[in-house]
Amino acid sequence: NAEARARVTELVKESRICMLTTTADDGSQVSRPMGLQESEFDGVLWFFSLADADATKQVRAHPQVNVSFANPKATTWVSIAGTASQEFDKGKASLLWTPFLEPWFPDGIETPGLTLIRVQARTAEWWDPPGVMGHAKAVMTGKNAGPGVHRQVEYPA
């Protein structure tokens with residue numbers, strides 16, 4: 001499990017931009033791009049948002065979410081299922097703040113309505129590509145290279 005979690009952390013850190021999928025009141029799933037604010041993934045993901053944003057409202061009403069990362073250059077993918085909550089702690093916000101956020105939150109951590117979305121992972125799945133040798137073998141033999149390596153790990157609540 002420690003090795004598996006370390007691999008998930010590595011893949012998340014390499015991607016940083018993800019899709020956060022929430023559930024709307026009508027039951028439909030809604031995905032939007034989000035920038036991860038802490039790359040040393042330890043089972044918790046942090047995102048800045050506004051209290052009146054659709055994503056935040058949906059998290060309050062339906063806390064089960066999915067966060068997916070893709071790294072096209074490395075052809076790796078991570079899907080994290082978990083429970084989200086709206087939290088705001090000025091100290092945590094200050095710790096997570098980066099200048100990259102200024103276009104969305106021009107007043108920094110003093111932006112009216114600024115909040116954090118915290119996602120506690122329940123499970124993480126990831127896929128590694130079949131690799132150069134697997135790809136070369138598929139080209140030479142005409143057989144499918146296969147999906148690569150698929151793994152899953154659970155996180156304690």
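**A first selection**

Start by selecting T75, which counts as partly exposed at 32% relative accessibility. On this scale, buried means under 20% relative accessible area, exposed means over 50%, and partly exposed lies in between, with a 1.4 Å probe and protein chains only. T75 sits in the loop between β4 (64-71) and β5 (76-87). Its phi is near 50 degrees, a positive value in a residue other than glycine.

Before you go on, note that this is a predicted model, in which local features need pLDDT of at least 70 and side-chain atom pairs count only at pLDDT 80 or more, while totals for chains, interfaces and linings use all residues. Residues are numbered from 1 along each chain as its sequence is written, and side-chain values use heavy atoms, with hydrogens and water left out.

**The whole protein**

Zoom out and colour by secondary structure. How many helices and strands are in the protein? There are 4 helices and 7 strands. Here helices (H or I, at least four residues) and strands (E, at least two) are DSSP runs, numbered from the N terminus. If you follow the chain along its sequence, the pattern reads α-β-β-β-α-β-β-α-β-α-β.

Now switch on the surface. The protein exposes about 8800 Å², and carbon and sulfur atoms supply 56% of that area. Accessible areas come from the Shrake-Rupley method with a 1.4 Å probe; for residues, only the protein chains shown count as cover. Of the 157 residues, 39% count as buried. Contact means heavy atoms within 4.5 Å. Among contacts between residues at least 6 apart in sequence, 67% join residues at least 24 apart.

**Helix α2**

Next, select residues 54-61, which form helix α2. Which of its residues are buried? They are A55, T56, Q58 and V59. Look down the axis of α2: these buried residues fall within an arc of 165 degrees, so they line one face of the helix. The arc is that of the directions from the helix axis to the C-beta atoms. As general background, an α-helix has 3.6 residues a turn, so residues three or four places apart point the same way. The buried residues of α2 pack against β1, β2 (29-35), β3 (44-50), β4, β5 and β6.

**From T22 to Q29**

Keep Q58 on screen and add T22, found in strand β1 (residues 17-23). Is T22 buried or exposed? T22 is buried, with a relative accessible area of 1%. Show side chains, and you will find a polar contact of 2.4 Å between T22 and Q58. (A polar contact is a pair of N or O atoms within 3.5 Å; within protein, one must be able to donate a hydrogen and the other to accept it, and residues adjacent in sequence count only if both atoms are side-chain atoms.) Leaving aside neighbours within four places in sequence, T22 is in contact with several residues, including S28, Q29, A55 and V65.

Click on Q29 next, in strand β2. Q29 counts as exposed, at 65% relative accessibility. With neighbours within four places in sequence left aside, Q29 is in contact with T21 and T22. Try the distance tool on Q29 and N66: they are 37 residues apart in sequence and 9.9 Å apart in space, C-alpha to C-alpha.

**Charged pairs**

The structure holds 2 salt bridges. A salt bridge is a side-chain nitrogen of Lys or Arg within 4 Å of a carboxyl oxygen of Asp or Glu.

- Select E10 and R7, whose side chains meet in a salt bridge of 2.7 Å, N to O. Being 3 residues apart in helix α1 (residues 2-15), E10 and R7 are separated by about one helical turn. E10 is partly exposed at 39%, and R7 is partly exposed at 21%.
- Then select E110 and K90, with closest N and O atoms 2.6 Å apart in their salt bridge. E110 lies in the loop between α3 and β6 and K90 in helix α3, so the pair ties together parts that are 20 residues apart in sequence. K90 is partly exposed, with a relative accessible area of 42%.

**Last stops**

Select R16, in the loop between α1 and β1. R16 counts as partly exposed at 30% relative accessibility. Its C-alpha atom and that of A70 are separated by 9.1 Å, although the two residues are 54 residues apart along the chain.

Finish on the surface with I17, F100 and W104, which make a nonpolar patch of about 360 Å². (Patches are made of residues with over 30% relative accessible area and no salt bridge: like charges are joined within 9 Å, nonpolar side chains (Val, Leu, Ile, Met, Phe, Trp, Tyr) within 5 Å.) F100 is found in the loop between α3 (90-96) and β6 (114-128).
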